[in-house]
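Visitor: Please walk me through this model, starting with its ligand.

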Amino acid sequence: VLDSTLRVLAICGSLRKASYNRAVLNALVDLAPADFELTTFFLDAIPMFNEDDLDVNGYPAVVQSFRSDIAAADGIVIATPEYYHSVPGVLKNAIDWTGGKPSVFNDKPVAIVSAAPGLHGGLRAQYDLREVLQALGGLVLARPEVSVGSAERKFDPSGKLIDEGTRLALEAWLSAFSNWIARLQMQQRLEELR
Ligand SMILES: Cc1cc2nc3c(=O)[nH]c(=O)nc-3n(C[C@H](O)[C@H](O)[C@H](O)COP(=O)(O)O)c2cc1C
């Protein structure tokens, strides 16, 4: 019997307790279909990347588990804020730890979402993040693009998603991601048979 459960690691690009991006990830846990197993990773404990330390000490334990969680997942979801038109340092720093020959992101299906109080919802950070992940061999879902703009109106003060349009957009996006993962896994099996 094929195990059809998709194990998806969700990474939050914000450390803020009341983060809208964290709220998006919480909403995804509720919206996800039954065959989606979503686990969230918070970056609070990831140290600053320093190549000297890496050469001497190898990967710190928390980084090692970040790396192995990514490697073991069927797909990665990243919810990120936009800081000064790009990817927050916290997230970029964590991604800098994922390199190697190959990177743990290599051939990994990834889907990006963003949220911000601004109208466009952090879309510029998504484009920069897409480039970074592609540099690591990540296979980033092309569309639909979902950014949650005017985020303070989309969630209640407890962080619960209260906007129907956003809910529908996130559902469509998750479903496209699920298809994207299935398609890539199918292709991988075909390559193994060759
Ligand atoms: C250092 C910094 C830079 C920011 N730059 C942008 C920006 O370029 N574009 C934008 O839409 N919002 C920007 N914001 C506002 C964030 O979108 C807002 O703080 C958002 O709530 C952060 O995401 P979070 O709620 O998940 O923590 C910035 C906020 C900070 C703290």
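The questions below go from the ligand site to one strand.

Guide: This is a predicted model, where local features need pLDDT of at least 70, side-chain atom pairs count only at pLDDT 80 or more, and totals for chains, interfaces and linings use all residues. Residues are numbered from 1 along each chain as its sequence is written, and side-chain values use heavy atoms, with hydrogens and water left out.

Visitor: Which side chain has an N or O atom 2.8 Å from a nitrogen atom of the ligand?
Guide: Polar contacts here are pairs of N or O atoms within 3.5 Å. Backbone atoms of Tyr20 and His85 lie 2.9 Å and 2.8 Å from ligand oxygen atoms. The side chain that faces a ligand nitrogen at 2.8 Å belongs to Glu82.

Visitor: Is strand S3 largely enclosed or open?
Guide: S3 covers residues 75-80; strands are DSSP runs of E, at least two residues, and helices runs of H or I, at least four, numbered from the N terminus. Gly75, Val77 and Ala79 point one way, and Ile76, Ile78 and Thr80 the other. Buried means under 20% relative accessible area (1.4 Å probe, protein chains only). 6 of the 6 residues are buried, so S3 is largely enclosed.

Visitor: Which residue of S4 stands opposite Ile78?
Guide: Strands pair if DSSP finds at least two bridges between them. S3 and S4 (residues 109-115) run parallel, joined by 5 bridges. In S4, the residue opposite Ile78 is Ile112.

Technical notes:
A polar contact is a pair of N or O atoms within 3.5 Å; within protein, one must be able to donate a hydrogen and the other to accept it, and residues adjacent in sequence count only if both atoms are side-chain atoms. Buried means under 20% relative accessible area, exposed over 50%, partly exposed in between (1.4 Å probe, protein chains only).
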